[in-house]
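Subject: Structure for your review

Dear colleague,

Please find below the sequence and structure that I am handing over to you. I should be grateful if you would read the notes after it alongside the coordinates.

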Amino acid sequence: EAWRQERLARETQIKEDAEQAIKLLTDAHKWERYYSWLAIDKIAGQYWREAGIPDEFWWNKWKLGYDPNHKFLFDTGDGWKEHYTATATIAVRDITERIVNIKHRLLNPFQGVKYRMEYRTNTEPVFIANLNAETDFAVICEGEKKAAVTWLTIDSPKVQAYGLPKNPSEEMLTAIKKKTIIDILDPDVKPRDIQRKREVFAGVDYRYIQLSNKIDDMILTAELDKDDLRAIMRQARR
């Protein structure tokens, strides 16, 4: 009982700390500072254009941004080390579309670390392309950029696209309430991960397709249009 109470108190404290971090984030609207760099730094705008998101409307809608010199602290085992790098930023949300964090892509990674969050909120992030939309058809991808570029290419307000973490929780997956889900998988996804999603999405028209390359890279390098992408999606397996 003592262990149970201790665990409950710890989980309660984690939740309170997370909500406080999210409150600080939303009160400060910190993503606006990162967004402002897109208007004054040529490299900032160039990054998102080359990533496949050329329209400045979506930079604002999705709260994209840039930081030319962001400081991170890393525990190297021999003490803490400061690391400065330019980052591309994107506001990430929970499934209710509330912004819960800002994700940084380190343009100069540190010891293989490519991504870091602004705050430690212990909240699972998701990217939602079609905000405030009512639709029963969704595409899911691993990562924000893939979902964004895929959705822009599909070019339909009747489609939703989610960018999920590499290993999304069952809670997040079951929160996606859609009749049809097309899962565009990365080349390195394991069969056990596919089976897990099939079990979670039991009762849903769940289909998946595993490509030879990452979907956003395929769209950009092969200059795929919406007809090409829809043809690929028609090959998805039930």
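The notes below take the two sheets in turn, together with the helices that pack around them and two individual residues.

Please bear in mind throughout that this is a predicted model.

**The four-stranded sheet**

One sheet is open and has four strands in the order 1-2-3-4, with antiparallel pairing. Its edges are formed by strand 1 (64-75) and strand 4 (113-117), each of which pairs on one side only. Neighbouring strands in this sheet are turned against each other by 40 degrees on average, direction ignored.

Strand 1 and strand 2 are joined by ten bridges in the antiparallel sense. Within this pairing, Leu64 has Ile90 of strand 2 as its bridge partner, and Leu73 stands opposite Glu82 of strand 2. The hairpin of strand 1 and strand 2 has four residues between the strands, and Gly77 takes a positive phi there, near 95 degrees.

Strand 2 is also antiparallel to strand 3, and the two pair over seven bridges. Here Val92 has Asn101 in strand 3 as its bridge partner. The hairpin of strand 2 and strand 3 has five residues between the strands, with Glu97 at a positive phi near 80 degrees.

How far is strand 2 enclosed by the rest of the structure? Ten of its 14 residues are buried, so strand 2 is largely enclosed.

**Asp94**

Asp94 lies in the loop between strand 2 (80-93) and strand 3 (99-110). Is this residue buried or exposed? Asp94 has a relative accessible area of 13%, and because the cut-off for burial is under 20%, Asp94 counts as buried. Leaving aside neighbours within four places in sequence, the contacts of Asp94 are with Val100, Glu124, Val126 and Ile128.

**Helix 2 and its surroundings**

Helix 2 lies across strand 1, strand 2 and strand 3, and runs at about 120 degrees to strand 1. In helix 2 (residues 30-40), Trp31, Tyr34 and Leu38 are buried. These residues cover an arc of only 70 degrees around the axis, so they are on the same side of helix 2. Ala39 and Ile40, on the other side of helix 2, are exposed.

Helix 2 also meets helix 3 (residues 42-50): the two axes come within 5 Å and cross at roughly 100 degrees. The crossing angle therefore makes helix 2 roughly perpendicular to helix 3. On the helix 2 side the contact is made by Trp37, Leu38 and Ile40, and on the helix 3 side by Lys42, Ala44, Gly45 and Trp48. By class, the residues of this contact divide into five nonpolar, one polar and one charged.

**The five-stranded sheet**

A sheet of five strands, also open, has the order 5-7-6-8-9 with mixed pairing. Strand 5 (127-128) and strand 9 (205-210) are the edge strands, each pairing on one side only. Strand 8 (residues 180-185) and strand 9 run parallel and are joined by six bridges. In this pairing Ile184 stands opposite Ile209 of strand 9. Helix 7 (residues 191-200) packs on the sheet, where it touches strand 6 (137-142), strand 8 and strand 9. The direction of helix 7 makes about 165 degrees with that of strand 9.

**Helix 5, helix 9 and Ala236**

Helix 5 (residues 144-154) packs against helix 9 at an angle of about 110 degrees, with the axes 8 Å apart. This angle makes helix 5 roughly perpendicular to helix 9. Thr150, Thr153 and Ile154 of helix 5 meet Lys226, Leu229, Arg230 and Met233 of helix 9. The residues of this contact divide into three nonpolar, two polar and two charged.

Ala236 is in the segment after helix 9 (226-233). Which residues does Ala236 touch, not counting those up to four places away in sequence? They are Ile182, Arg207, Tyr208 and Ile209. Ala236 has a relative accessibility of 11% and counts as buried. The C-alpha atoms of Ala236 and Lys63 are separated by 31 Å, and these residues are 173 residues apart along the chain.

Yours sincerely

Definitions and conventions:
Residues are numbered from 1 along each chain as its sequence is written. This is a predicted model: local features need pLDDT of at least 70, side-chain atom pairs count only at pLDDT 80 or more; totals for chains, interfaces and linings use all residues. Side-chain values use heavy atoms; hydrogens and water are left out. Buried means under 20% relative accessible area, exposed over 50%, partly exposed in between (1.4 Å probe, protein chains only). Contact means heavy atoms within 4.5 Å. The arc is that of the directions from the helix axis to the C-beta atoms. Two strands pair if DSSP finds at least two bridges between them. Axes are lines fitted to C-alpha atoms, for helices over the stretch in contact, and angles run from 0 to 180 degrees between N-to-C directions. Angles under 35 degrees count as roughly parallel, over 145 as roughly antiparallel, 65 to 115 as roughly perpendicular and the rest as oblique. Ala, Val, Leu, Ile, Met, Phe, Trp, Tyr, Cys and Pro count as nonpolar, Asp, Glu, Lys and Arg as charged, and the others, Gly among them, as polar.
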